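Visitor: I am new to this structure and would like a close look at one part of it. Please take a single helix and work outward from there.

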Amino acid sequence: MNYLSVENLTKSFGDRIIFSDLSFGIDLGQKVAIVAKNGNGKTTLLRCLMELEPYDSGRIVYRNDIRVAFMEQSENLDETHTILEAVFSHDLPELQVVKKYNKAMREGNEEVINECYEELTELNAWDIEVKVNQILSVLKLDNTDLLIGSLSGGQKKRVALAQVLIAEADFLILDEPTNHLDLDMIEWLEEYLSKSKSTILMVTHDRYFLEVVCDTIFELEDKTLYRYKGNFSYYLEKKAERQEQLSSTIDKARNTFKKELEWIRRQPKARSVKQKARVDSFDDVKKAASQRIDDSEVEIPVKMERLGSKILELHKIGKSYGEKVILDNFTYNFQRKERLGIVGNNGTGKSTFLNVIQGREEIDRGKVVIGETVVFGYYSQELIKVDEDKKVIDVIRDIAEFIPLEKGRQLSAAQFLEKFLFDRNMHYNFVHKLSGGEKRRLKLMTVLMSNPNFLILDEPTNDLDIFVMSVLEDYLRTFEGCLIVVSHDRYFMDKMVDHLFVFEGQGAIKDIIGNYTEYRKQTAADYKKEKQEARDGTVEKEVKVTQLSESADKPVEKKKLSFKEKEEFKQLEKDMDALEQEKESLTQKLSDAGITNEEIMTAGNRLSEVVQTLESKSDRWLELSEFN
């Protein structure tokens, strides 16, 4: 059953064609994602589909009897409404009764509660009431009396998402639904949309999200739409095949072009009659031979300021805002080539921590020592602050004309822009003509062009497309300095970091070895263990008390290892060496730019097992070493 049909859709801004003659359809139950480089028209296409943006020509037809809900990238909410009023701004009778019921519950109005109870039962809407409360709870929108105008940008984004999810629509159109969500929220949304019966069309840069939720990928490239019937891994595989075929076609066309060019040149100028068909086909061959495939990888051996022995030291630092504790007696020394990921719920102090270590924010107590050779490069969530009437190339040249490379070479500002997918024809565009994603990319360029040796990236994946993220990953793979990443992009975190600071709130910070996948696996295992212990707690306590009583009566003092324990001790040393080597191998594999999504998950899971086994064997080795 067809839900949306698009025929020959064309859109341009002035003389710039965004897309041309797009035709596609979306059927009942499909979960489709649109991927494209920033500036190629993803958001524009969604807005055209919702008739919020005029288009030049074409036809857009929805099935008559379906409800469509649209979540925009920029929130379009009434600032004078409360959260409750915003999320229930739908005309569905069930939602209006749930809204009335929730309000009566808060006010303690028994008469209205009883009235709503009957209406909810009559409409069979109790499931909706449960669903609404679950969505608001997961998105941390419990205080529904707050005015929209008093909320942060991230909170508004979550209200807009809740509004769409609560709408019970047949067709959801979502523009960057994971932006400004913490990792727990993203994983919940991933599961929610995977199980949803709604038809979905979305734009997102979260590659794990694309992998798990979507069954069809549309790629918007060269003003054309390419379709891939599968998830993100399938898309990557088939795109590579398409580019390989295109490359082969271009090579053949270039060989033909050389021969035809020689033939054209050999023809007498005065001769009026030529093989007309062959002359006409020459232009087609020339056009095919002139195509280019941008498949260059970023291998930039940047020559940065060498880090000294002292890089960044945190000595018992503390930071609070009133009763809210951000850092509590925290100590840590950063090492060369540190690759640290930072995760935690919104509001636990991640951005504050980044400001503190750079000296941008005062601490209440303790000491922050920054090495003399450290050059910070900080990519923050704020928009780029430059003259909007400046040209792109001038923004970069204001920082540096060249970036130094190894062996005395240099990379010009223009070459560096090209490496990060700013084509030559964009270098002289004015900043105000760039899309939001392109401005984010330009800001990233200004940070990297300053040639830092300590790079801090705070949510770099927001508004950067998957193609730019791939280029950034290639760049960071050869980066020799220290790296700190705060990101909700699990794919990016898995590839870039080897340990995590987990901000748990009220100054509690855990240092976890491994990447994000390992951390989540460990968290799930701990949660399962806690539930099991809670279930069997009484029995275990009784057993422990009995055992303690028996051991108290008969204390045994161990003096030396038995023969069997000596053999175990020797084997433990061999096992630990092997595990250390495997750990090192897996860590290197995870930093490989060419690794697939499936290989990342497999390697991440194995690394988690290796780390846990190594810890267990180390504990046993220490226990036996006391008597060896």
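Guide: What follows looks at helix α6 and then at the parts around it. The model is predicted. As background, the chain has 19 helices and 20 strands, and buried residues make up 46% of its 628 residues. Of the contacts in the chain with a separation of 6 or more, 69% are between residues 24 or more positions apart.

Helix α6 runs over residues 153–166, which is 14 residues. From its first C-alpha to its last it reaches 20 Å, close to the 20 Å expected at 1.5 Å a residue. Is this helix enclosed or open? Of its 14 residues, 12 are buried, so α6 is largely enclosed by the rest of the structure. The buried residues include Gly154, Lys156, Lys157 and Arg158. Val159, Ala160, Leu161 and Ala162 are also buried, as are Gln163, Val164, Leu165 and Ile166. Just after the helix, Glu168 takes a positive phi of about 55 degrees.

What do the buried residues of α6 pack against? Two strands are among their partners, β5 (68–71) and β6 (171–175). The helices they pack against are α2 (83–87), α3 (93–107), α5 (126–138) and α7 (183–195).

Strand β6 can be followed through one of its residues, Leu172. Leu172 is buried, with a relative accessible area of 4%. Leaving out residues up to four places away in sequence, Leu172 touches Val164 and Leu165, both of which are among the buried residues of α6. Under the same exclusion, Leu172 also touches Ala69, Leu193, Ser198, Thr199, Ile200 and Leu201. Lys31 is 141 residues from Leu172 in sequence, yet the two are 9.4 Å apart in space, C-alpha to C-alpha.

Two of the helices that α6 packs against, α5 and α7, also meet one another: their axes come within 10 Å and cross at roughly 150 degrees. That crossing makes α5 roughly antiparallel to α7. On the α5 side the contact is made by Lys131, Gln134, Ile135 and Val138, and on the α7 side by Met185, Trp188 and Tyr192. Five residues of this contact are nonpolar, one is polar and one is charged.

Leu193, touched by Leu172, leads on to the largest nonpolar core. In soluble globular proteins, nonpolar side chains tend to be buried together. The largest nonpolar core here has 108 residues, and those with the most contacts inside it are Leu193, Leu442, Leu457 and Leu476. Helix α15 (residues 466–477) gives the most to this core, with eight residues.

Leu457 shows what one of these core residues meets. Not counting residues up to four places away in sequence, Leu457 touches Tyr379, Leu444, Leu472, Leu476, Leu483, Ile484, Val485, Val486 and Phe492.

For comparison with α6, there is helix α1 (residues 42–49). It is mostly covered, with six of its eight residues buried: Lys42, Thr44, Leu45, Leu46, Cys48 and Leu49. Just after α1, Glu51 takes a positive phi of about 60 degrees.

How values were computed: Residues numbered from 1 in each chain as written. Predicted model: local features only at pLDDT ≥ 70, side-chain atom pairs only at ≥ 80, totals over all residues. Heavy atoms only, no water. Helix = DSSP H or I, 4+ residues; strand = E, 2+ residues; numbered from the N terminus. Expected span 1.5 Å × (residues − 1). Buried < 20%, exposed > 50% of the residue type's maximum accessible area, 1.4 Å probe, protein only. Contact = heavy atoms within 4.5 Å. Axes fitted to C-alpha atoms, helices over the stretch in contact; angles between N-to-C directions. Parallel < 35°, antiparallel > 145°, perpendicular 65-115°, else oblique. Nonpolar A, V, L, I, M, F, W, Y, C, P; charged D, E, K, R; others polar. Core = buried A, V, L, I, M, F, W, Y, C linked by side-chain atoms within 4.5 Å.
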